[in-house]
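Here are my notes for you, with the chain laid out just below. I have kept each point short so that you can follow along with the structure open.

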Amino acid sequence: MNILISGGTGLIGTQLCQKLQRHNLYKVSHSSTDMPLDIADKKKLLKTFKAKPIDLIIHLANPPNWYSQDPSYYLPANVIGTTNLIELAKLKQARFIFVSSQAVYGPRHLRRGLTEKAETKPTGWYGLSKYMAEQYLELFHHLTHLPVTIFRPVGIFGGADTRTLVGKFINLAKRNKPLIIFGHGQTKHHFIHVEDVVEAIVKSLRITKGLEIFNLGSFQVMS
């Protein structure tokens, strides 16, 4: 299978590429040594893959900062990049897998028993950008009938993670540094290991029709 992976050098992408080695992979990211490419540059994206076969697009690319207060910060990767990849998928008649976020639910993501049919009501710019990307993909599916799979994971940790709370704590512990907690330590979080996210994506390669949305996580909440 010919697979384009945006964010192929990131936390999820690195491990996913190892799992999919038997396939022909196009690993796209700013830091990729194979294909250093900005998915927000539609002209260059379409030109690069004009003559290349693509059966599946896996969209993992994500801005490095999840807490930016700049409304436009998330648009290049999550909205413009998604719509450009959609156009490419349409040209290639390719399936699409998108890693979204539980942030599309807003504060509801901590609620026990949350299902994929729960109301999506993001309260931050990051969650809103993921929600917008999902809306584009849903319309793309309805217009083209090409298969689309959307994952909404909770907070991801593991691997070479140094940006999230768990990754920062592990990195500090390795250096015998104090674990700094901001606030009172009562903020609630869900977590999922990156290997579980990768496993879910690999299993979803079997989905060959329809629009599917999956929450990824558990009901265990950490303070």
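1. Let me start with a question: in which helix do Glu199 and Lys203 both lie, and how many residues apart are they? Both belong to helix α6, and they are 4 residues apart, about one turn of the helix. A salt bridge joins Glu199 to Lys203, with the closest N and O atoms 3.8 Å apart. Please keep in mind throughout that this is a predicted model.

2. Glu199 has another partner. It also forms a salt bridge with Lys19, where the closest N and O atoms are again listed as 3.8 Å apart. This pair links distant parts of the chain, with Glu199 in helix α6 (residues 194-204) and Lys19 in helix α1, 180 residues apart. As for exposure, Lys19 is exposed, with a relative accessible area of 52%. Glu199 is partly exposed at 31%, and Lys203 is partly exposed at 43%. Through shared partners, the salt bridges join Lys19, Glu199 and Lys203 into one network.

3. The whole structure has 4 salt bridges, and one of them deserves a separate look. The side chains of Glu134 and Arg152 meet at 2.6 Å, N to O. Here too the pair links distant parts of the chain: Glu134 sits in helix α4 and Arg152 in strand β6, 18 residues apart. Are these two side chains' residues buried or exposed? Glu134 counts as buried because its relative accessibility is 1%, under the 20% cut-off. Arg152 is buried as well, with a relative accessible area of 3%.

4. Now to the nonpolar interior. The largest nonpolar core has 26 residues, and Leu4, Phe49 and Phe96 touch the most other members. At least two residues of this core come from each of β2 (24-29), α2 (42-48), α3 (75-92), β5 (95-99), α4 (125-144) and β6 (148-153). Which element gives the most to this core? That is α3, with 4 residues.

5. Phe96 is a good residue to centre your view on. Leaving out residues up to four places away in sequence, Phe96 touches Leu56, Ile57, His59, Leu85, Ile86, Ala89, Leu137, Phe140, Pro147, Val148 and Thr149. There is also a second, separate core of 23 residues, which includes Ile3, Ile12, Cys17 and Val198.

6. Cys17, from that second core, lies in helix α1 (residues 11-19). Cys17 is buried, with a relative accessible area of 7%. Apart from neighbours within four places in sequence, Cys17 is in contact with Ile5, Gly8, Leu25 and Lys27. For Lys27, which is 10 residues away along the chain, the C-alpha atoms of the two residues are separated by 8.1 Å.

7. Staying with α1, the buried residues there are Ile12, Gly13, Gln15, Leu16 and Cys17. What covers them? The cover includes β1 (2-6), β2, β4 (56-59), β5, β7 (155-157) and α6. Lys19, by contrast, is the exposed partner in the salt bridge with Glu199 described above.

8. I would also point you to Asn78, which has its place in helix α3. Asn78 is buried, with a relative accessible area of 0%. Which residues does Asn78 touch, not counting those up to four places away in sequence? They are Ala61, Asn62, Pro63, Tyr126, Ser129, Lys130 and Ala133.

9. Tyr126, one of the residues that Asn78 touches, brings us to the aromatic rings. The structure holds 6 aromatic pairs. One of them is the edge-to-face pair of Tyr74 and Tyr126, at 5.4 Å centre to centre and 65° between the planes. Tyr74 lies in the loop between β4 and α3 and Tyr126 in helix α4, so the pair ties together parts that are 52 residues apart in sequence. Both Tyr74 and Tyr126 are buried. Together with Tyr73, they form one aromatic cluster.

Terms used. Residues numbered from 1 in each chain as written. Predicted model: local features only at pLDDT ≥ 70, side-chain atom pairs only at ≥ 80, totals over all residues. Heavy atoms only, no water. Core = buried A, V, L, I, M, F, W, Y, C linked by side-chain atoms within 4.5 Å. Buried < 20%, exposed > 50% of the residue type's maximum accessible area, 1.4 Å probe, protein only. Contact = heavy atoms within 4.5 Å. Phe/Tyr/Trp six-rings, centres within 6.5 Å; stacked < 30°, edge-to-face > 60°.
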